[in-house]
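The following exercises concern contacts between domains and pairs of charged side chains. Please work through each task with the sequence and the structure at hand before reading its solution.

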Amino acid sequence: MRDTVSDRTPDETVCPLCGVGCRLKPTADESRAQGVAAPANPDGRLCRNGVTAFDTPDDRLTTPLVRRGGELRPASWETAYERVEASFGSILRADGPDALAFLGAPHCTNEENYLLQKLARMLGTNNVDNRSRLCHASTARILEDRVGWPATTNSLAGLREADVILVAGANPAERQPVAFNSFVRPAVNDGATLVHIEPAGNRTTRLADIHVTPRPGTDALVFDCLSRRLLAAETGVDRSFVDARTRGFERFAASMADAEPAAALTAAGVTGETIEAVASRLADADRIAGLVGTGIEGGTGALNAPEALLNMLLLTGNVGRRGSGLYVLRGLANEQGAADAGCVPDRLPGHQPVTAATARERVESEWGVAPPPTPGKTATALLESFGGEIRGALVVGENPAISKRDREWVQRRLDAIDSLVAVDLVANETTRHADVVLPAAAGTEKAGTFTNLERRIQRSRPVQTPPGEARPDRDILADLGTRLTDRPSAFEYADAGAVFDELCRVAPTHAGLSDAAIGEGGRQWPAGEGGEDADPLYRERFETPDGYARFGTAQPFVEPDATDELRLVTGGRTTDRSAQGPAAPVLRINPSDAEERGLDDDVDEAAEALVVVSNGDVSVRATPEFDPGVRRGTAYLSADAADPLLRRGIEVVSVRSADAER
Ligand SMILES: Nc1nc2c(c(=O)[nH]1)N[C@H]1C(S)=C(S)[C@@H](COP(=O)(O)OP(=O)(O)OC[C@H]3O[C@@H](n4cnc5c(=O)[nH]c(N)nc54)[C@H](O)[C@@H]3O)O[C@H]1N2
Ligand SMILES: Nc1nc2c(c(=O)[nH]1)N[C@H]1C(S)=C(S)[C@@H](COP(=O)(O)OP(=O)(O)OC[C@H]3O[C@@H](n4cnc5c(=O)[nH]c(N)nc54)[C@H](O)[C@@H]3O)O[C@H]1N2
Ligand code: SF4
Ligand SMILES: [Mo]
């Protein structure tokens, strides 16, 4: 059933472009989007991407495509569905459900993610994942292990009450701009201290009071140095919180005492004065909030930055109170919701382990079929198995063909499976390898809910009509469920609200919520007492088995890089909708490093690519930008420009003038 734009439907919806979750509606002449004041955008602001929210891509898919004679050709929905039934059916019969992979869908609604994992699991496999989950995987894991839920602990609004805001490995001024401008900037204007931990510097650094530039991958050591300094001076340590609410403190403190402070400073490449400057602000602060992005995932060796940061927040009593907490700066509109709804290979809806019998029973009572008890493969492992164990895949609103590491490799994997079914708005690198392509409705064209980076579930409405024969992913997934499983009634729903109500019955995180309860204003999960939102999380108890939060221990020592070459720092996606065409990649480098390489005096403004960046194997040309904010010994390239260099995982590069080659 197509979601129709009716006169009775209010035209207000949620921005589908990022994890902030601003509310918006069309302007009177319907040319742009205008903000509507809501919790994530209290001033009714939008960013420059948000105002284009209703400009869905020009090159939309308008009809299903089926590969015939090597070519993708337009087909009816019936023909396309029959093709999926035939190919997935024969894989199921010959190799069983674990030969199928289900990938998606952080751009899609909670209801759609719920249906995607339901389809996978009712067919008998836990091979369901979403790639964006990997962006914040170690932060999510440590939150789950130590305090309870893999999610931001506090509301965005709480940032206004923080005394110190620590941002690490992120650029919210550009990536979550409305949240940054609505909450972080005013807090700083009112006197809060902004500490930016970031080797290369970016737009967020401009507002920072203190800029810490650790060696890439060593943030964990910086957080440990801060904890050690607070412990040693006994200032800023919240003993009553530590005693009443946590476990493992003595072991943590002992491990800190054992570690060699000078060695940690050297390894992190940070001075004692910098640590002192930050620590004294932390010691004086009543409320400290940490905001983390993709840059602190995957530290050097065994270093775990989110763990070390959480230790520091627990030590200072900054979890479970307003104005404090750990914020996961999720990127895509429903990254949080995709995981909440169960598009995770070892978790059922509501982050329940697939290995827990009670959780499987809860699902079975709703579906009539129990999900399989053993975890499925992650998105990365699934791709590795394409053409081997995995013979068919359904990809909903993801583009795995574009990968940080090895694009050609992924494309070969996509070609290696018998049946690739892609559901998307447009033709992309992945749909080009597909056997069946199904055209989907965009976020502003369908009903459902999105969960923003502060766990706020908000209603999305069909404000526009999908082009041609495109359909909401929800309907496509329900149709596939009806055709592929032997319980068609399990995929019959009156509307999106009915799917959400089922999600709320299955997922303990959503207990007490419902389509009706979401209302117009949205609600955060978990539901608090008396219709209130539970904000912040963990006010009374942590969601751990015994209700206490857990400390980790000091981070292991790492040897600093012993090299004269530059360590590559990458970030900054270049998919900004307002970006003007492809520009030559810019290599940001410290002026001293440039001088040592003889780069600074031969800059020829007319030339396009002035330096060659090489890892000994692959070279790329770039325009240098001399920036004292970039840590010495590192060089910054945007993620896509760095891709070819990173393919083999080599992060150390040489930089030389391109003159030599002219
Ligand atoms: N080279 C490079 N690779 C990267 C990154 C990078 O910066 N550079 N960043 C990494 C990060 S942070 C992330 S999150 C991932 C993102 O990886 P992906 O999520 O795979 O990529 P996107 O391009 O964001 O979106 C994929 C597709 O979703 C479609 N889509 C959008 N809305 C809908 C919808 O409602 N329904 C359906 N069916 N489709 C929809 C779009 O048309 C698009 O083709 O990539 C990672 N990989
Ligand atoms: N306009 C726009 N907004 C977006 C997106 C978009 O494509 N366009 N994408 C969205 C998505 S999917 C995501 S995941 C988010 C990403 O948002 P962020 O996580 O903020 O991603 P980046 O902008 O790449 O910033 C990461 C920063 O980490 C730094 N970094 C690299 N290595 C290290 C390190 O070892 N330690 C520290 N401390 N820092 C390091 C890099 O220099 C970079 O400045 O943005 C979201 N918002
Ligand atoms: S900050 Fe994110 S949610 Fe808000 S308008 Fe911009 S893209 Fe949309
Ligand atoms: Mo992301």
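Buried area is the accessible area, taken with a 1.4 Å probe, that two parts lose on being put together, summed over both. Please keep in mind throughout that the model is predicted.

**Exercise 1.** Describe the contact between domain 1 and domain 3, beginning with the area buried between them.

*Solution.* Begin with the bounds: the domain assignment places domain 1 at residues 5–52 and domain 3 at residues 137–328. The C-alpha centres of these two domains are 32 Å apart, and the contact draws on ten residues from domain 1 and nine residues from domain 3.

Next, take the area: about 700 Å² is buried between domain 1 and domain 3, with carbon and sulfur atoms giving 71% of it. On the side of domain 1, V20, R45 and C47 lose the most area to domain 3, and together they account for 50% of what that side buries.

Finally, consider the polar terms: between domain 1 and domain 3 there are zero salt bridges, and one residue pair is in polar contact. The side of domain 1 that touches domain 3 comprises eight nonpolar residues, one polar residue and one charged residue.

**Exercise 2.** Find the salt-bridge partner of R60, and establish whether R60 is buried or exposed.

*Solution.* The partner is E445, and the closest N and O atoms of the pair are 2.8 Å apart. R60 sits in the loop between β3 and β4, whereas E445 sits in the loop between β18 and β19, so that the pair links parts of the chain 385 residues apart. As to accessibility, R60 is buried, and E445 is buried too.

**Exercise 3.** Which parts of the chain are tied together by the pair of D533 and R456, and by the pair of R461 and E520?

*Solution.* Take D533 and R456, which form a salt bridge whose closest N and O atoms are 3.7 Å apart. Because D533 belongs to the loop between β21 and β22 and R456 to strand β20, this pair ties together parts that are 77 residues apart in sequence. D533 is partly exposed, at a relative accessible area of 24%, while R456 is buried, at 8%.

Turn then to R461 and E520, whose side chains meet in a salt bridge at 2.9 Å, N to O. R461 lies in the loop between β20 and α16 and E520 in the loop between α18 and β21, so this pair ties together parts that are 59 residues apart in sequence. R461 is buried, with a relative accessible area of 8%.

Notes: Residues numbered from 1 in each chain as written. Chains lettered and ligands numbered in written order. Predicted model: local features only at pLDDT ≥ 70, side-chain atom pairs only at ≥ 80, totals over all residues. Heavy atoms only, no water. Domains from an automatic or database assignment. Contact = heavy atoms within 4.5 Å. Salt bridge = Lys/Arg side-chain N within 4 Å of Asp/Glu carboxyl O. Polar contact = N/O pair within 3.5 Å; in protein donor to acceptor, adjacent residues only side chain to side chain. Nonpolar A, V, L, I, M, F, W, Y, C, P; charged D, E, K, R; others polar. Helix = DSSP H or I, 4+ residues; strand = E, 2+ residues; numbered from the N terminus. Buried < 20%, exposed > 50% of the residue type's maximum accessible area, 1.4 Å probe, protein only.
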